[in-house]
Amino acid sequence: MNPIKITAKTHDVGGIPIARLLPNKDHRTIGAWCFLDHAGPAGFGEEEQGMQVGAHPHTNLQTFTWMLEGEVFHQDSLGNRQLIRPKQVNLMTAGTGEYGISHTEQTPDGIKALHAVQLWIALPTNQEIKPDFTHYPSLPEWSQNGVDFVLPTGTFANHTAPTKQYSPLLGVDIQVAQAQMLDIPAQAGWEYGVLILKGEVQIDGQTFTQDELAKFEPLETDSRLHIHAQAGSHIMLLGGEPLPHPTLIWWNFVADNQATLEKAVADWNSGHPRFGNIDISGTTLTRLVAPKLTAKIRS
């Protein structure tokens, strides 16, 4: 069960350093997880505003924000206004088909640090799913043998998170105080990934460090992942059952075919009502423009 090593590409998003692991040139998804950014850790000076991401749209996905440090203020076209703090999840659902949603993300005044994992979940396009937003202020957390666990989504070690899912998924935040071997159960047919947020782990003779992702292809039988974590390591375990259709991504849109992506671009740029409206008057935020899709997107 040799994992594939994926090394992050670095970007700047809204003034925050971003390490992007998915989508990758050769590996696009882990189950329905189709986008993975490690944001920060970043600090801001007295005159800096922190993250300021203007109004932008989404289709056929959920945004899944897992906060580690700092705060982020979310507002969306459904009228939701929500501050997210560490160990909390914001889950925004764009909806499938002709549905869509738009939102903004900002660091509140006075917050001088930010550290988060930003993920997208591709929605199963054979289901009619309407736009939605839910804030999860409390999630299962426990400690065992010097390891601290928080469960943002799914079921793990006899704990189940309240986070709503449309396809089977798992996300576990794991912090290791003392060096040890982690023995993780893995389901047949699922893909898995281990994101290194801090420290170092060894898996099947390979060493993985910060902003590297160990990606496991679907398993034929139930198995175990053996992860030797060094003291002080912080990782996020991701898993999921692959969707039964292609997952194509362009800018902030997900679809199962190119024509749907092209229509989303045209609809957003023309102000189509499917994306609603956010009042950003009186702020420094702008309404972002979707880049035109000029090439064939592969899944």
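## A small space to begin with

How much space lies in the second largest cavity? About 40 Å³. This is a predicted model, and a search of the whole of it finds two cavities of 30 Å³ or more.

The residues around the second largest cavity are Gln62, Leu91, Thr93, Asp132, Thr134, Tyr136, Lys164 and Tyr166. Strand S12 (132-136) is the main contributor, giving three residues to this lining, and S9 joins S12 in supplying at least two. Sorted by class, the lining has three nonpolar, three polar and two charged residues.

## The largest cavity

Let us turn to the largest cavity, which holds about 60 Å³ of space. Its lining consists of Thr63, Thr65, Val72, His74, Asn90, Met92, His103, Glu105, Gln118 and Phe133. Two or more of these residues come from each of strand S6 (61-70), strand S7 (72-76), strand S9 (89-93) and S10. Here the classes divide into six polar, three nonpolar and one charged residue.

## The largest pocket

Now for the open spaces. The largest pocket has a volume of about 830 Å³. It is lined by 39 residues, and those closest to its centre are Arg20, Phe35, Asp37, Trp120 and Asn252. Which strand gives the most to this lining? That is strand S11 (residues 113-122), with five residues. In the lining as a whole, 20 residues are nonpolar, 12 are polar and seven are charged.

## The second largest pocket

The second largest pocket comes to about 260 Å³. Of the 14 residues in its lining, Gln144, Asn145, Phe149, Leu182 and Asp183 are the closest to the centre. Strand S13 (141-144), strand S14 (147-153) and strand S18 (180-186) are the elements that give two or more residues each. S18 provides the largest share, six residues. The class count for this pocket is nine nonpolar, three polar and two charged.

## S4 and its partners

Strand S4 (residues 33-43) is worth a look of its own. Nine of its 11 residues are buried, so S4 is largely enclosed by the rest of the structure.

S4 has an antiparallel pairing with strand S3 (residues 16-22), over four bridges. S4 also runs antiparallel to S11, and eight bridges join these two strands. Ala39 is a handy landmark for both pairings: it is the bridge partner of Ile18, and it stands opposite Ala116 in S11. S11 is also the strand that gives five residues to the lining of the largest pocket. Phe35 and Asp37, which fall within the 33-43 range of S4, are among the residues closest to the centre of that pocket.

## A four-stranded open sheet

What is the strand order of the open sheet of four strands? The order is S5-S10-S7-S8, with antiparallel pairing. At the edges are strand S5 (52-58) and strand S8 (81-84), each pairing on one side only. From one strand to the next, the twist averages 20 degrees.

At one end of this order, S5 is joined to strand S10 (residues 101-106) by five bridges, and the two run antiparallel. If you would like to find this pairing in the structure, Gln52 stands opposite Gln106 in S10. Two members of this sheet, S7 and S10, also appear among the elements that give two or more residues to the lining of the largest cavity.

Note on methods:
Residues numbered from 1 in each chain as written. Predicted model: local features only at pLDDT ≥ 70, side-chain atom pairs only at ≥ 80, totals over all residues. Heavy atoms only, no water. 1 Å grid on protein atoms, 1.4 Å probe; cavity = no way out; pocket = protein on both sides within 12 Å on 5 of 7 lines; lining within 4 Å. Points joined across faces, edges and corners; volume = space filled by probe spheres on them. Nonpolar A, V, L, I, M, F, W, Y, C, P; charged D, E, K, R; others polar. Buried < 20%, exposed > 50% of the residue type's maximum accessible area, 1.4 Å probe, protein only. Pairing = 2+ DSSP bridges. Axes fitted to C-alpha atoms, helices over the stretch in contact; angles between N-to-C directions.
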